[in-house]
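The following exercises concern helix packing, salt bridges and a contact between distant parts of a sequence. Each task is followed by a solution in steps.

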Amino acid sequence: MGIFSRREFLKTTAGVAASGTLIGSAGCNKTTVGSEPAPAPAPAPSVPGQWVPEKDASLRVLRWKRFVAGDEEMWTTNTKKFIEKTGVQVRVDQENWEDVRPKAAVAASVGSGPDIIISTFEDAHQYPDKLVDVSDVCDYLGGKYGGWYDSATAYGKHKGTWVAIPMGCAGGKLCYRQSAVKAAGFDAFPKDLPGFLKLAQGLKAKKLPPGFALGHATGDANSWCHWLVWAHGGKMIDANNNVVINSPETLAALEYAKELYKTFIPGTLSWLDSNNNKAFLDGQIGLTLNGVSIYYAAKNSPDPKVKDIAADIAHASMPIGPVGKPTELSLVFPMMIFKYSKYPNAAKAYLSFMMEQEQYIPWQKNSSAYVIQPLKAYEANPIWTEDPKYTPYRDAMAVMLPNGYSGEMGRASAGVMADFVMVDMVAEAASGAKTPKEAVEAAQKRAERYYKI
């Protein structure tokens, strides 16, 4: 396994092929992080907490590709700090998050692969018996940093045992053009569903319509479609894991979706996670749901016209529906250590190190708050108040609901999401491909197949 210098690393992220043992499919980023020359293992490694790496330990990490450059840069910097501190060599590979989930499932099934996989949503609940118990790490971090949000605990704990360390979430918030909202007749962003629909209609009239993904977009489509149904009181399953999506509340949500879809820019039925970013920055839409990446791209663009958009961007939480409380879903990133790893202590030391405030706070700031913290103490990160446009994202994990609401997360909930049952139902009803009744009946049958297994 080769060791790259900082300059060589930057070349690699720009697309220059690098040598070294590769895993995964062609086209994914491969980064081996280290220093030159490779430091000899320290005789008594100094690490946080109680996890002393095994002798001659080395780690392979698979995580999703960055959506903002600062994330990858600081993650690499922090990884190099860990290497210098412990002598443990760490290799980090990056792939699209749609590709990480199946690779994690394969690794769990065959018992071989990266020591650590940073994946999405409830992956840890699909194969908890294949994962290292990380309760000691989570108890340590939670005790030191103000405790975990409930949503973080829901994703990290399985039947009372921590099987994943939550990295945080990519908060899904409304990204909008302030000038367009004002032109549509609103001095403040509406906080209820009737006002939200009226705003969407006004934006269309002003030639800056909304655009929300209705294709198989892991982050954006799942986030807003689940919010829509939950806001009306619908849910895929109840507390006993019975499929209950076919309900009057869901039908009301789909009727609302039909009216909202009339205001959308054409083409959203095929949108994936990057389409709304491009449409927004191209000045085609004035409202969408997204992480902070649109603002980040606009603010750092060399194009003066795009930079002007950054000044006009603002963010807001999703409106509250008849249920009377936030019903947001955000993309959560569980960090999992697999039992086949020869170096579980080194893996625990690495992940605890990356979550310590000396690493986490600068990483969060350098990535423009793309990942929202799972630990309550990090609400105090100055990034949330230095630029008020970031502030709405701060509470994403505090207010969000977990996937599978209001039942348990596991293979069934993961399968239903991976099959885009909720998204397809909303897309079919909103576009008129099916009546709301037909769409919800189809969703009920599809979901039941997963929950009957």
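Angles under 35 degrees count as roughly parallel, over 145 as roughly antiparallel, 65 to 115 as roughly perpendicular and the rest as oblique. The model examined here is predicted.

**Exercise 1. Determine how H9 is oriented relative to H18, and describe the contact.**

Step 1. The axes of H9 and helix H18 (residues 421–431) come within 8 Å, and their crossing angle is roughly 55°.

Step 2. An angle of roughly 55° belongs to none of the named ranges other than oblique. H9 and H18 are therefore oblique to each other.

Step 3. The crossing of H9 past H18 is right-handed.

Step 4. On the H9 side, the contact is made by Thr250, Leu254, Ala257, Lys258 and Tyr261; on the H18 side, by Met425, Val426, Ala429, Ala430 and Ser431. Sorted by class, these comprise 7 nonpolar, 2 polar and 1 charged residues.

**Exercise 2. Carry out the analysis for H8 and H9.**

Step 1. Helix H8 (residues 220–231) and helix H9 (residues 248–261) have axes that come within 8 Å and cross at roughly 125°.

Step 2. H8 and H9 are therefore oblique to each other.

Step 3. From H8, the residues Trp224, Leu228 and Val229 meet Thr250, Ala253, Tyr256, Ala257 and Leu260 of H9. The class count is 7 nonpolar, 1 polar and no charged residues.

Step 4. Thr250 and Ala257 are listed in the contact of H9 with H8, and both are also listed in the contact with H18.

**Exercise 3. Identify the parts of the chain that the salt bridge between Arg101 and Asp123 ties together, and state whether its residues are buried or exposed.**

Step 1. Side chains of opposite charge can pair when their charged atoms come close. In the salt bridge of Arg101 with Asp123, the closest N and O atoms are 2.5 Å apart.

Step 2. Arg101 belongs to helix H3 (residues 97–110), whereas Asp123 is in the loop between strand S4 (116–118) and helix H4 (135–144), so the pair ties together parts that are 22 residues apart in sequence.

Step 3. Buried means under 20% relative accessible area. Arg101, at 13%, is buried, and Asp123, at 0%, is buried as well.

Step 4. A network of salt bridges links Arg101, Glu122 and Asp123. The model has 18 salt bridges by the rule applied.

**Exercise 4. Examine the salt bridges of Lys258 with Glu255 and of Glu441 with Lys437, including the accessibility of each residue.**

Step 1. Lys258 and Glu255 form a salt bridge at 4.0 Å, N to O. They are 3 residues apart in helix H9, which means a separation of about one helical turn.

Step 2. Lys258 is partly exposed at 28% relative accessibility, and Glu255 is partly exposed at 41%.

Step 3. Glu441 forms a salt bridge with Lys437, with 2.7 Å between the closest N and O atoms. Both residues lie in helix H19 (residues 436–451), 4 residues apart, about one turn of the helix.

Step 4. Glu441, with a relative accessible area of 31%, is partly exposed; Lys437, with 52%, is exposed.

**Exercise 5. Place Val137 and identify its contacts beyond its sequence neighbours.**

Step 1. Val137 is located in helix H4 and is buried, with a relative accessible area of 0%.

Step 2. Apart from neighbours within four places in sequence, Val137 contacts Trp51, Ile165, Lys348 and Ser352.

Step 3. One of these contacts, Lys348, is 211 residues from Val137 in sequence and 6.9 Å from it in space, C-alpha to C-alpha.

Terms used
Residues numbered from 1 in each chain as written. Predicted model: local features only at pLDDT ≥ 70, side-chain atom pairs only at ≥ 80, totals over all residues. Heavy atoms only, no water. Axes fitted to C-alpha atoms, helices over the stretch in contact; angles between N-to-C directions. Helix = DSSP H or I, 4+ residues; strand = E, 2+ residues; numbered from the N terminus. Contact = heavy atoms within 4.5 Å. Nonpolar A, V, L, I, M, F, W, Y, C, P; charged D, E, K, R; others polar. Salt bridge = Lys/Arg side-chain N within 4 Å of Asp/Glu carboxyl O. Buried < 20%, exposed > 50% of the residue type's maximum accessible area, 1.4 Å probe, protein only. Left-handed = near helix turned anticlockwise from the far one by under 90°.
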